[in-house]
Amino acid sequence: MNNLIEKTLSDFTVNGKKIPVKFLRYNGNEETYITYMETDAESTLHGDDELLNYIEYYDFDIYTKGNYKPIIKALKGLLASVGFMWEPDRSSADMYEDDTKYYHKTLCFSIERSENG
């Protein structure tokens, strides 16, 4: 669980509707929700044989029975405001799940971190 993500998205609202954002799994009853998880990390800077900086990658899975385009726009803007960068090459195509009747879109974001804080 990432504290920056939890704090930033704790009251995530789109068009006046609060959208739950949960780590890995959502167990509530809302028809629109987002789950997220860390998918990868890679080192970017070493010095004196120690890791100094690295990049973390996160997937955000949007599930809804309606239009998710406004959610995508709001999520991109809010995460960019705290230092995340959208990774379009790692994000998914548009999906529809026949078994659940949910539209599903995965967006990947990255953020650079420092090992020293």
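Among contacts in this protein between residues at least 6 apart in sequence, 58% join residues at least 24 apart. I should say at once that the model before you is predicted. The chain has 117 residues, and 38% of them are buried. The accessible surface amounts to about 7,200 Å², and carbon and sulfur atoms account for 45% of that area.

Let me turn to the secondary structure. The protein contains two helices and eight strands. Followed along the sequence, these elements give the pattern α-β-β-β-β-β-α-β-β-β.

Next, the interior. The largest nonpolar core has 20 residues, and those touching the most other members are Leu9, Phe12, Ile34, Phe60, Ile62, Ile71 and Leu75. Two or more residues of this core come from each of strand E4 (33-47), strand E5 (50-64), helix H2 (69-81) and strand E8 (102-114). Which element gives the largest share? It is H2, with four residues.

Ile71 offers a useful view of that core. If neighbours within four places in sequence are set aside, Ile71 is in contact with Phe12, Val14, Ile19, Thr32, Ile34 and Ile62. Of these partners, Phe12, Ile34 and Ile62 are also listed among the core residues that touch the most other members.

I now come to helix H2 itself. At 1.5 Å a residue, its 13 residues should span 18 Å, and the end C-alpha atoms are 19 Å apart, which agrees. How are its buried residues arranged around the axis? Seen down the axis of H2, they fall within an arc of 100 degrees, so they line one face of the helix. The residues in question are Ile71, Ile72, Leu75 and Leu79. The general principle is that an α-helix has 3.6 residues a turn, so residues three or four places apart point the same way. On the face of H2 turned away from the buried side we find the exposed residues Lys73 and Ser81. Just after the helix, Gly83 takes a positive phi of about 105 degrees.

My next topic is the charged pairs. A search of the whole structure finds five salt bridges, and I shall describe three of them.

In one of them, the side chains of Lys18 and Asp11 meet at 3.2 Å, N to O. Lys18 has a relative accessibility of 47% and therefore counts as partly exposed. Asp11, at 56%, counts as exposed, because the cut-off for that class is over 50%.

Another salt bridge joins Arg90 to Asp40, with the closest N and O atoms 4.0 Å apart. This pair links distant parts of the chain: Arg90 is in the loop between strand E6 (85-86) and strand E7 (95-97), Asp40 is in strand E4, and the two are 50 residues apart. In accessibility, Arg90 is partly exposed at 38%, and Asp40 is partly exposed at 34%.

The third that I shall describe is formed by Asp94 and Lys105, whose closest N and O atoms are 3.2 Å apart. Asp94 lies in the loop between E6 and E7 and Lys105 lies in strand E8, so this salt bridge ties together parts that are eleven residues apart in sequence. Is each partner buried or partly exposed? Asp94 is partly exposed, at 48% relative accessibility. Lys105, by contrast, is buried, with a relative accessible area of 12%. This pair also belongs to a network, in which salt bridges that share partners join Lys69, Asp94 and Lys105.

Finally, some remarks on the backbone. Most residues other than glycine have a negative phi, and most peptide bonds are trans. Against that background, which residues other than glycine have a positive phi? Leu24 is one of them, with phi near 65 degrees. Leu24 is placed in the loop between strand E3 (21-23) and E4. Lys101 is another, with a positive phi of about 65 degrees. Lys101 is in the loop between E7 and E8, and at 46% relative accessibility Lys101 counts as partly exposed.

To close, I would draw attention again to H2, which gives four residues to the largest nonpolar core and whose buried residues line one face of the helix.

Technical notes
Residues are numbered from 1 along each chain as its sequence is written. This is a predicted model: local features need pLDDT of at least 70, side-chain atom pairs count only at pLDDT 80 or more; totals for chains, interfaces and linings use all residues. Side-chain values use heavy atoms; hydrogens and water are left out. A nonpolar core is a set of buried Ala, Val, Leu, Ile, Met, Phe, Trp, Tyr and Cys residues joined through side-chain atoms within 4.5 Å. Buried means under 20% relative accessible area, exposed over 50%, partly exposed in between (1.4 Å probe, protein chains only). Contact means heavy atoms within 4.5 Å. Accessible areas come from the Shrake-Rupley method with a 1.4 Å probe; for residues, only the protein chains shown count as cover. The expected span of a helix is 1.5 Å times one less than its number of residues. The arc is that of the directions from the helix axis to the C-beta atoms.
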